[in-house]
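Got the model open in your viewer? Here's a tour, stop by stop, with something to select at each one.

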Amino acid sequence: MPKRRIEKVAVIGSGIMGSGIACHFANIGVEVLLLDIVPRELNDKEKAAGLSLDDKKVRNRLVNDALSASIKSKPAPLYHKDFASRIATGNLEDDIAKVKDVDWIIEVVVERLDIKQQVFEKLEEHRTPGTIITSNTSGIPIKFMNEGRSEDFKAHFCGTHFFNPPRYLKLFEIIPGPNTKPEILEFLNSYGEQFLGKTSVVAKDTPAFIGNRIGIFGIQALFHLVKEMGLTIEEVDKLTGPVIGRPKSATFRTVDVVGLDTLVHVANGIAENCPDDEEHNLFKLPDFVNHLMENQWLGSKSGQGFYKKVKGEDGKSEILSLDLETMEYRSKKRASFGTLELTKSIDKVIDRFPVLVKGKDKAGEFYRKNFGAMFAYVTHRIPEISDELFKIDDAMKAGFGWEHGPFEIWDAVGLQQGLDLIKDLGKEPAGWIQEMIDNGAQSFYTVKDGATYYYDITTKEHAKVPGQDSFIILDNIRKSNEVFKNSGVVVEDLGDGILNVEFQSKMNSIGGDVLAGLNKAIDMAEKDYDGLVVGNQGANFSVGANIGMIFMMAVEQEYDELNMAVKYFQDTVMRLRYSSIPTVVAPHGMTLGGGCEMTLHADRVVAAAESYIGLVEFGVGVIPGGGGSKEMALRASDGFMKNDVELNRLQEYFLTIGMAKVSTSAYEAFDLDILKKGKDLVVVNKDRQIATAKAVARLMADQGYTKPVRRKDVKVLGKQALGMFLVGTDSMEAGHYISEHDKKIADKLAYVMAGGDLSEPSYVSEQYLLDLEREAFLSLCGERKTLERLQHMIQKGKPLRN
């Protein structure tokens with residue numbers, strides 16, 4: 001059988017989901033045909049222009065308007081604005097025949113069975129046999145949708161449920177129909193992981209599938225618990241947010257963003273179609289939800305929901321909260337719990353759960369009831385919605401942004417303790433739990449030889465979670481493969497002669513211990529290994545240098561120590577570039593300030609697509625002092641060699657720093673010349689990043705890596721550039737666009753990037769620029785305004801980002 005490849009897809013339906021799915025396929029380089037219905041009447045603008053219903057502009061108006069709105073929306077659905085050119089639009093009357101040329105047809109029309117069946121009937125007239133065809137339904141049974149279709153259609157048809165927004169939420173549920181070929185499911189499962197960057201989960205054809213069945217239960221259970229315990233919405237959002245590894249939007253803010261009507265639609269569907277669910281009553285809507293629905297207080301889309309943004313008489317905005325007792329909006333109340341205070345010193349979320357469930361206050365009671373109900377519920381969903389428990393955890397992590405799934409949380413709490421929580425609620429777990437205990441298992445997961453194993457209720461023993469062979473999971477190898485550790489890093493042997501440096505500091509900030517660990521790793525790699533990866537699997541690669549440390553040195557006027565600390569940082573990033581082994585940095589998430597400077601100095605970069613990279617030091621009143629200012633001058637110089645207009649080229653790099661530009665994806669980082677085209681790689685699936693970085697380091701070593709020669713050919717423009725920059729900053733200050741202090745920072749940066757006040761363009765070494773950079777950085781650290789900004793950030797709880 002020839003290997004199936006996806007080069008072109010057709011997306012049918014251009015609403016929020018359809019356009020979002022089209023954009024994500026464009027993100028990964030696939031050609032997209034996006035189709036929607038033809039308008040039945042002209043709008044006022046078309047009438048004024050004298051257009052008719054036969055004009056192509058009119059006939060494609062719905063699809064073009066929808067796609068345009070999607071591309072302009074925030075957060076952006078595209079990795080790069082240029083990727084929109086990969087999407088062609090059309091309508092279901094003039095262009096439906098074009099589906100014969102695509103490799104995959106995805107239906108994303110309104111959630112009505114009769115309409116979907118009509119669309120499938122039309123598509124089958126033009127679909128080439130063997131073409132994959134799927135529905136993005138969120139709950140309509142697959143077995144009903146393919147009724148009346150041909151055998152070939154049924155064999156290549158299933159559900160593929162993306163979560164909104166498709167670029168950002170990783171869950172990709174694949175729901176087989178009664179006639180779907182196994183190889184189609186296998187292909188989609190693999191394609192979702194490798195190409196779309198998703199967590200693929202093959203689900204059963206049950207109401208709401210896996211993610212929404214568990215997720216909506218969790219929200220509905222919370223709705224009822226709120227009233228029972230007399231909690232405010234602020235208290236619930238405090239308890240169900242980042243403290244337990246959930247998104248900042250927590251519960252009620254998330255419902256506002258998604259739309260209460262969407263949640264109610266799914267909850268009603270479960271209530272109607274799952275009459276035998278042991279928690280059926282929980283899917284009935286509480287009175288306060290019915291009140292919001294009656295008033296059309298649906299959240300962000302209607303302007304108010306559980307929260308409401310208003311402007312006061314002074315013109316300042318305020319976010320009000322809904323009081324669930326009076327059903328009136330009021331000023332937000334601060335939520336505070338003693339139990340949460342006990343977790344502040346516990347960095348890893350997974351280690352907080354045993355503390356939370358033992359809390360003596362209302363928070364502890366909430367967690368015991370909340371987790372106990374969830375633990376009981378998920379046991380009864382196996383084997384109803386999935387035969388494998390890891391799929392439930394995967395779905396909740398990838399679809400709802402949970403850091404840990406229900407069974408992982410239960411393992412953290414302890415098997416017996418979780419059972420006690422269930423029994424305290426008067427509930428019973430499913431029978432397979434006792435079978436598991438009788439078979440000697442004390443946890444749902446175990447780790448063996450760097451791989452994760454889960455308890456399989458069919459074989460009654462632990463089985464390896466499939467699909468791990470393409471991943472390196474640092475949590476699984478940290479203890480067994482550790483070759484060095486200090487308070488800032490762990491150095492792990494990835495195998496095949498490659499080491500990895502994993503930051504372990506708070507928010508992966510870069511301080512003295514991290515730098516010492518990185519230097520130690522380079523020493524070890526140069527002596528006994530073949531290459532080095534700098535990567536971690538935290539929420540963010542690094543938010544930058546530890547500016548709390550910088551602030552203390554500056555306040556105490558310990559300038560010699562500060563000079564040494566900054567030079568140590570500079571020397572470390574230069575070692576990354578000029579060591580005798582290949583170095584590969586693997587950024588993801590926020591990669592700011594010092595994290596960006598590390599990235600700039602690697603031999604190669606393997607970036608996650610969702611990488612937000614930039615030099616943001618201006619925000620705290622300094623310039624990049626860890627090699628970033630030097631490196632931007634060097635990269636500008638390399639551009640001079642390509643016959644660019646030199647001053648204009650340099651100005652672009654100056655503004656990248658001066659405006660603290662941060663890429664909104666790895667692809668935008670190429671525009672900023674933070675990543676280098678033809679050299680650095682982007683991976684869509686972050687889970688594959690460390691393995692890919694290791695492979696790149698291994699390949700460089702195998703090809704015969706030679707230590708680079710230090711650069712002494714950096715062209716700087718001296719007074720010619722410095723004069724231009726200073727005139728510009730004078731004008732900006734005179735026009736009140738920047739403050740006096742901002743001008744001072746900009747002038748210091750100008751001095752560095754111009755190479756000082758040299759009388760004519762000259763060639764200088766990197767070290768020359770590093771010395772200028774460090775001198776400028778130190779001088780700014782002594783400024784009162786800089787110290788005020790640093791102190792303000794520390795007081796705001798942001799002591800680590802520069």
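## First stop: a tryptophan in the core

Select W104 and show what surrounds it: beyond its neighbours up to four places away in sequence, W104 touches I6, K8, V9, A10, F25, T131, I132, T134, T160, F172, L188 and Y191. Keep in mind as you click around that this is a predicted model.

Now widen the selection. W104 belongs to the largest nonpolar core, a set of 113 residues, and along with F25, F503 and L532 it is among those with the most contacts inside that core. A second core, separate from this one, has 112 residues, including V109, I233, V255 and I270. Colour the two sets differently before you move on.

## Zoom out

Go to a cartoon view of the whole chain. You're looking at 33 helices and 25 strands. The radius of gyration is 28 Å, close to the 28 Å that the globule rule gives for 802 residues, so the chain is as compact as a globular protein of that length. Along the principal axes, the C-alpha atoms fill a box of roughly 80 × 70 × 65 Å.

How much of the chain is buried? Buried residues make up 54% of the 802. Of the contacts with a separation of 6 or more, 70% are between residues 24 or more positions apart.

Switch on the surface: the accessible area comes to about 34,400 Å², and carbon and sulfur atoms account for 50% of that. Colour by charge and you'll have 99 positive and 115 negative side chains, with the centres of the two sets 2 Å apart.

## Around β6

Back to sticks. Select H161 in strand β6. This histidine is buried, at 5% relative accessible area. Leaving out neighbours within four places in sequence, its contacts are N136, T137, S138, L171, F172, E173, I175, F209 and N212. You've met F172 already, as one of the residues that W104 touches.

Step along the chain to the loop between β6 (157-162) and β7 (171-176), where P165 is found. The peptide bond joining N164 and P165 is cis, with omega about 0°.

Then go back to A155, in helix α7 (residues 151-155). A155 is buried too, with a relative accessible area of 11%. Outside its neighbours within four places, A155 is in contact with N179, T180, K181 and I184. Try a distance to I132, another of the residues touched by W104: the C-alpha atoms of A155 and I132 are 8.8 Å apart, with their positions 23 residues apart along the chain.

## An enclosed helix

Next, select 406-413, which is helix α18. Why call this helix largely enclosed by the rest of the structure? Because 6 of its 8 residues are buried. Those are P406, F407, E408, I409, W410 and V413. Show the surrounding elements as well: the buried residues of α18 pack against α15 (353-356), α16, α17, α19 (415-424), α20 (431-438) and β12 (445-448). Right after the helix comes G414, with a positive phi near 115°.

While you're in this area of the sequence, look at the loop between α16 (362-380) and α17 (389-400), where P383 is found. The peptide bond from I382 to P383 is cis, with omega near 10°.

## Two positive phi values

Most residues other than glycine have a negative phi, and most peptide bonds are trans. The cis bonds are behind you; here are two residues for the phi half of that.

- D496: found in the loop between β16 (489-495) and β17 (498-503), with phi near 60°. Buried or exposed? D496 counts as exposed, at 56% relative accessibility.
- M507: further along, in the loop between β17 and α22 (512-528), with phi near 55°. M507 is partly exposed, at 42% relative accessible area.

## Last stop: a buried loop residue

Finish on L615, in the loop between β22 (611-614) and α26 (628-640). Loop or not, L615 counts as buried, at 1% relative accessibility. What is packed around this leucine? Apart from neighbours within four places, L615 is in contact with G593, C596, E597, L600, P624, G628, M632, T656, I657, A660 and K661. For a longer jump, draw a line to E775: L615 and E775 are 160 residues apart in sequence and 18 Å apart in space, C-alpha to C-alpha.

Technical notes: Residues numbered from 1 in each chain as written. Heavy atoms only, no water. Helix = DSSP H or I, 4+ residues; strand = E, 2+ residues; numbered from the N terminus. Buried < 20%, exposed > 50% of the residue type's maximum accessible area, 1.4 Å probe, protein only. Core = buried A, V, L, I, M, F, W, Y, C linked by side-chain atoms within 4.5 Å. Contact = heavy atoms within 4.5 Å. Rg over C-alpha atoms; globule rule 2.2 N^0.38 Å. Areas by Shrake-Rupley, 256 points an atom, 1.4 Å probe, with all protein chains shown as cover. Lys, Arg positive; Asp, Glu negative; His and termini not counted. Charge placed at Lys NZ, Arg CZ, Asp CG, Glu CD.
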